[in-house]
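Me: Please give me a close look at one part of this model, and set it against the whole chain before you turn to the details.

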Amino acid sequence: MEMTGKTYHEDDDNVLHASKPVVPDEEDEINDCPIEEVKLTVPITDDPTLPVLTFRTWVLGLFTCVLLAFVNQFFGYRNNNLSLGTVSAQIVVLPIGRLMASYLPDRKFKVPFFNWSFTLNPGPFSVKEHVLITVFATSGAGGVYAVHIVTIVKAFYHKNLHWMAGFLLALTTQMLGYGWAGLFRKYLVDSAYMWWPSNLINVSLFRALNGKEKRPRGGLTRLQFFFMVFTASFAYYIIPGYFFPAISGISVVCFIWRNSVTAQQIGSGNRGLGIGSFALDWNTVVAFLGTPLATPGFAMMNTLVGFVLTVYVLLPIVYWTNSYDAKKFPLITSHTFDRTGATYNISRVLDDRTFTIDEASYNNYSKLYMSAFFAFTYGLSFATLTSAISHVGLFHGKEIWEMWKKSTTDKSHYDVHTRIMKKNYKEVPQWWFHTILVLVFSLAVFTCEGFGKQLQLPWWGLIMACMIALFFTLPVGIIAATTNQYVGLNVITELIIGYIYPGKPLANVAFKTYGYISMVQAQSFLSDFKLGAYMKIPPVSMFIAQLVGTIVSSVVYFSTSWWMLTTIKNICNPDLLPEGSPWTCPNDEVFYNASIIWGVIGPGKMFTNKGVYPEMNWFFLFGFLAPVPVFLLSRKYPEKKWIRLINMPVLIGAAGAMPPARAVNYITWLAVGMFFNLYVYKKHKSWWARNNYVLSAALDAGLAFMGIFSYFALGYYDIVGVEWWGMKTDPYCDLARCPTAPGVVVEGCPVF
């Protein structure tokens, strides 16, 4: 078949559409998508003749996947790690693809013994090739969570680990989620109401980069707008990134009251409540919460209410009433402490020989303490999970049941995009997902039970982790697909295995990874499939790109990690490394500490009567009941549409990213998001439809490219900036980290 290029025109609403190929007896589709943001952003046309899985797709896709995986893992061990995102590759591969389309030969090559041929150059570089290359890149940029386990075993615990056990652990944890995705794709992809908001940024960027549109009178094309914002973002980031880091978090209160601990606790944007703090840095906006431009207005309002209730109501009450000895510790921190307020000395309670807790030493030392805020974030994470189950059951249970009955016959719940996909392309056979699930689960059992049981997790623990992931994939997926908010299972999985199987740190982290990451991978797969529906990518091609990209990235991440762990002497051990060595592994150190807290000490010594925080368990019941009043009010007052927009899982978990996220991150994120997704969306809808998501992608891309450029031009040579007060990220707020309980001594802090 001869491949042709794609032509575009601009309609009266300034929405870009692709000209449809002429198909006999085809009726014009009606844009009946119930989500207005999708209707304004995604075209309803398709050209099935465009090339998809071509030679260019494979070469550029695998290259970006391998490159991003290697670079991200390599820099992940450094003190100031650098992470290359998908947007960078998405932009760079476009001119390369067009060059390949211009210069590669178009002759056909026949494969011996098979009635099949291919060409290196099927025609103009298509947007569908661009999408699939980006899917490959996403696999490379996404990371492999299980590599943390390999690192802590070899670099922190200094134990032997069979390389095959480590590789299979990385591969199976990444692949297991594809089975869950196959089970739920009819509900989380085919449904018109499951729209995965962040995908609209990608759709806008793909159309801006690949489309040909007329420049509006007195305005810019999408591509021109993208590069204008990209250039500005690229040039500007040298200021907060090098010359003036202080603008990443400025506190007015700290400038005024430089000697008051309480005032700085209230005003600090990084260590306190952030009242009066702000930032002039896009990196501060997106660092922990992602882009606010992709979050719907109703989700933004839920987050605002939840953040205010948690940080400005709950936290001050708990801290200034000294609940749980809160004043012994900093106001907001993720560190752990003993009963005196000093940093918890884990070496006093850990048996180095068996890597389990020494009960006698623990009883003679101290229980484990946390800041009151950190303890309540665990409680709120418990409530978020149970409220997600309750919310989905109440508000979406009937719809899910109806979709289950209609999924094989009635297509009335499909919107225009799903109908086009069903009409033009073959679906991925369900048995493909079932086969992957069986094979990967079998490999996972072999990984846990084989190799001398080095991972400590028994087969029944693996089954339990899989059941948790399977149970939560649907409700958490619905939350993500409708609100762009993601609920993690890392805390609940640590909690469950910590109660059932205490004293086994590797079993704890392996259980967490199988339960948590397999659900994350399922969400990633489903989100990409929805992107494929918007961009009209054949499902089989999308499936192949995702599958191959996941396998290749798992190999590269593990191989890079194993190579570095076995060749860099004393990696991850700052006490033995040469002065100035960058290989300090800060992220892996956090993972290591979590394995001790949850695996060695265990939640039984924290969240029961044996510990300090047994009341946190009531949050499970609170979360489960929280959506009930909202549901009853929505039934009693159906005319009040705003009641159904109250999303308790999002509201309760609003501050769940703190810490490591800080108040200034939330303040700037909410300010930017509410301006664009409430004010601009309402008052200037045509501009919003045309530029909102392009703006987000351009700001991210400029930030990423300047981050890379400044690192290799300056950071690589240990040039961090000029010496002045503007180099501090939270100037004049040092006292915000100080405890206020009488008699607690902390270096650099006053003693009360």
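Reply: **The whole chain and helix α14**

In the protein, 79% of the contacts with a separation of 6 or more join residues 24 or more positions apart, a contact being heavy atoms within 4.5 Å. The model is predicted, so local features need pLDDT of at least 70 and side-chain atom pairs pLDDT 80 or more, while totals for chains, interfaces and linings use all residues. Residues are numbered from 1 along each chain as its sequence is written, and side-chain values use heavy atoms, without hydrogens and water.

The protein contains 28 helices and ten strands; these are DSSP runs numbered from the N terminus, helices being H or I of at least four residues and strands E of at least two. Of its 752 residues, 56% count as buried, that is, under 20% relative accessible area (exposed is over 50%, partly exposed in between; 1.4 Å probe, protein chains only). Along its principal axes, the C-alpha trace spans about 85 × 60 × 60 Å.

Within this setting, helix α14 covers residues 297-320. Its 24 residues reach 33 Å from first C-alpha to last, close to the 34 Å expected at 1.5 Å a residue, where the expected span is 1.5 Å times one less than the number of residues. At Leu314, shortly before the proline Pro316, α14 has a kink of about 30 degrees; the bend is the angle between axes fitted to the seven residues ending there and the seven starting there. Asn322 follows α14 and has a positive phi, near 60 degrees.
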